[in-house]
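This briefing is meant for someone meeting the structure for the first time, and it goes through a ligand site, a helix residue and a strand in turn.

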Amino acid sequence: MANVKLENIVKDYEDGYRAVKNINLDIKDKEFIVLVGPSGCGKSTTLRMIAGLESPSSGEIKIEDDVVNDMSPKDRDIAMVFQSYALYPHMTVRENISFPLKMRKVSKDKIRSKVSNIAGVLQLEELLDKKPAQLSGGQRQRVALGRAMVRKPKVFLLDEPLSNLDAKLRVEMRSEIVNLHKKLNTTFIYVTHDQTEAMTMGNRIAVLNKGVLEQFDTPLNLYYKPNNKFVAEFIGTPKMNIFETEFNENDDKLFIKLFGKILPIPSELKDKFSSLEMGQSYYVGIRSEDFFIDEDSKIDLLFSNVEYMGSDIYAYAESDESSDRIIMRFDAEENIDKNMRTRVGIDFKKLFVFRKDSEKTIIFPTR
Ligand code: ADP
């Protein structure tokens with residue numbers, strides 16, 4: 001059990017590349033936090049610094065308020081699970097799980113009871129005498145988790161542990177890992193590039209982009225209150241629609257330019273947009289679920305492609321008047337087909353507005 005703090009962490013690799021740019025993270029005891037971001041954003045580097053496999057160029061890493069910068073990985077009392085399971089192929093499951101305890105000269109009785117306890121938690125009892133080659137990917141990953149758990153580390157570090165599994169198993173293992181976290185009651189730090197994995201697993205999520213921490217927040221806040229356009233686009237599937245636009249006022253009414261049309265914004269929402277400068281360029285963001293079919297709308301779109309997802313339909317659309325590509329999500333009951341033309345309305349309460357220069361969010365959706 002431990003809190004983990006990263007204070008002004010910078011990592012310059014030997015070739016001079018700055019992979020992590022002044023990151024601050026305050027991870028509470030027993031939290032499940034996820035580091036997420038596109039490939040190359042510095043997630044693994046950050047995790048490896050917490051593990052002690054890389055040292056920061058500047059800044060401090062604290063575990064339980066002790067500075068661990070100069071402490072070797074084995075003294076940090078952490079366990080790490082990697083993408084590749086790295087099990088010992090010649091050892092049985094039981095021997096693989098026991099290995100860290102054997103290395104620490106724990107008594108045979110104690111090892112036996114610990115392994116049986118862990119095998120129970122991870123449902124590995126029937127597999128204890130098998131070798132890794134006889135196991136499925138999911139089972140191997142569970143053994144790797146078991147081996148990491150056996151020492152009761154203060155902190156669990158997991159680096160894309162599910163990325164080698166097929167899609168179905170990945171979804172199953174997500175909830176297994178979340179349950180494991182509940183049972184172990186230990187701090188978990190989990191790295192993934194997959195925002196769905198992050199959103200479904202983390203108590204809080206740190207979104208990284210090019211070595212910068214863009215936001216460290218709850219899944220709900222990342223979705224509804226993203227700090228900036230990067231977070232807004234990174235979180236959520238399908239990706240948020242972003243359009244460059246301007247707002248104008250005429251006759252005390254507010255208008256927005258979208259898809260080559262000048263659209264009125266409902267008068268009750270005018271105050272919400274009062275901080276905007278008329279005629280200035282902004283980005284607006286509209287999530288795929290904030291469109292609706294509306295015969296009276298001025299927005300006339302052609303559905304160039306339609307994907308049936310079961311309970312939802314993803315519709316990709318274009319307008320004649322602009323080059324914008326739009327993705328919308330509708331209920332499966334809607335009557336939507338490829339190559340169909342439809343009038344579509346926008347729920348303006350749900351609009352995000354970002355500054356054009358800094359890309360910071362200045363208007364958030366009303367829920
Ligand atoms: P992520 O885990 O988010 O995909 P990494 O932390 O692995 O990203 O890498 C961050 C950046 O640092 C990448 O651009 C990567 O190429 C670079 N990098 C990683 N390891 C080294 C290294 N040993 N030397 C130089 N650059 C590295």
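A polar contact here is a pair of N or O atoms within 3.5 Å. With that cut-off in mind, a backbone N or O atom of Gly-40 lies 2.7 Å from an oxygen atom of the ligand. The model is predicted, and the points below describe the surroundings of the ligand, the setting of Arg-142 and the place of strand 8.

**The ligand and its shell**

- Besides the Gly-40 pair, an oxygen atom of the ligand is 3.1 Å from a polar backbone atom of Cys-41, while a nitrogen atom of the ligand is 3.4 Å from an N or O atom in the side chain of Tyr-13.
- On its own the ligand has 560 Å² of accessible area, and the protein covers 62% of that area.
- The residues around the ligand include Tyr-13, Asp-15, Tyr-17 and Ala-19, and also Pro-38, Ser-39, Gly-40, Cys-41 and Gly-42, with Lys-43, Ser-44 and Thr-45 also among them.
- Helix 1, which spans residues 43-51, gives the most to this shell, with three residues.
- Sorted by class, the shell around the ligand holds five nonpolar residues, five polar residues and two charged residues.

**Arg-142 in helix 4**

- Arg-142 is found in helix 4, which is made up of residues 137-149.
- Because its relative accessible area is 12%, Arg-142 counts as buried, the cut-off for that term being under 20%.
- The side chain of Arg-142 reaches the backbone oxygen of Leu-122 at a distance of 2.8 Å.
- When neighbours within four places in sequence are left aside, Arg-142 is in contact with Leu-122, Gln-123 and Leu-124, as well as with Met-173 and Glu-176.

**Strand 8 and its partners**

- Strand 8, formed by residues 187-192, is mostly covered, since six of its six residues are buried.
- The cover extends to both faces of strand 8, with Thr-187, Ile-189 and Val-191 buried on one side and Phe-188, Tyr-190 and Thr-192 buried on the other.
- Strand 3, with residues 32-36, pairs with strand 8 in the parallel sense over five bridges, and Val-36 stands opposite Thr-192 in strand 8.
- Strand 7, with residues 155-159, also runs parallel to strand 8 and is joined to strand 8 by five bridges, and Phe-156 stands opposite Phe-188 in strand 8.

How values were computed
Residues numbered from 1 in each chain as written. Predicted model: local features only at pLDDT ≥ 70, side-chain atom pairs only at ≥ 80, totals over all residues. Heavy atoms only, no water. Near = heavy atom within 4 Å. Polar contact = N/O pair within 3.5 Å; in protein donor to acceptor, adjacent residues only side chain to side chain. Areas by Shrake-Rupley, 256 points an atom, 1.4 Å probe, with all protein chains shown as cover. Helix = DSSP H or I, 4+ residues; strand = E, 2+ residues; numbered from the N terminus. Nonpolar A, V, L, I, M, F, W, Y, C, P; charged D, E, K, R; others polar. Buried < 20%, exposed > 50% of the residue type's maximum accessible area, 1.4 Å probe, protein only. Contact = heavy atoms within 4.5 Å. Pairing = 2+ DSSP bridges.
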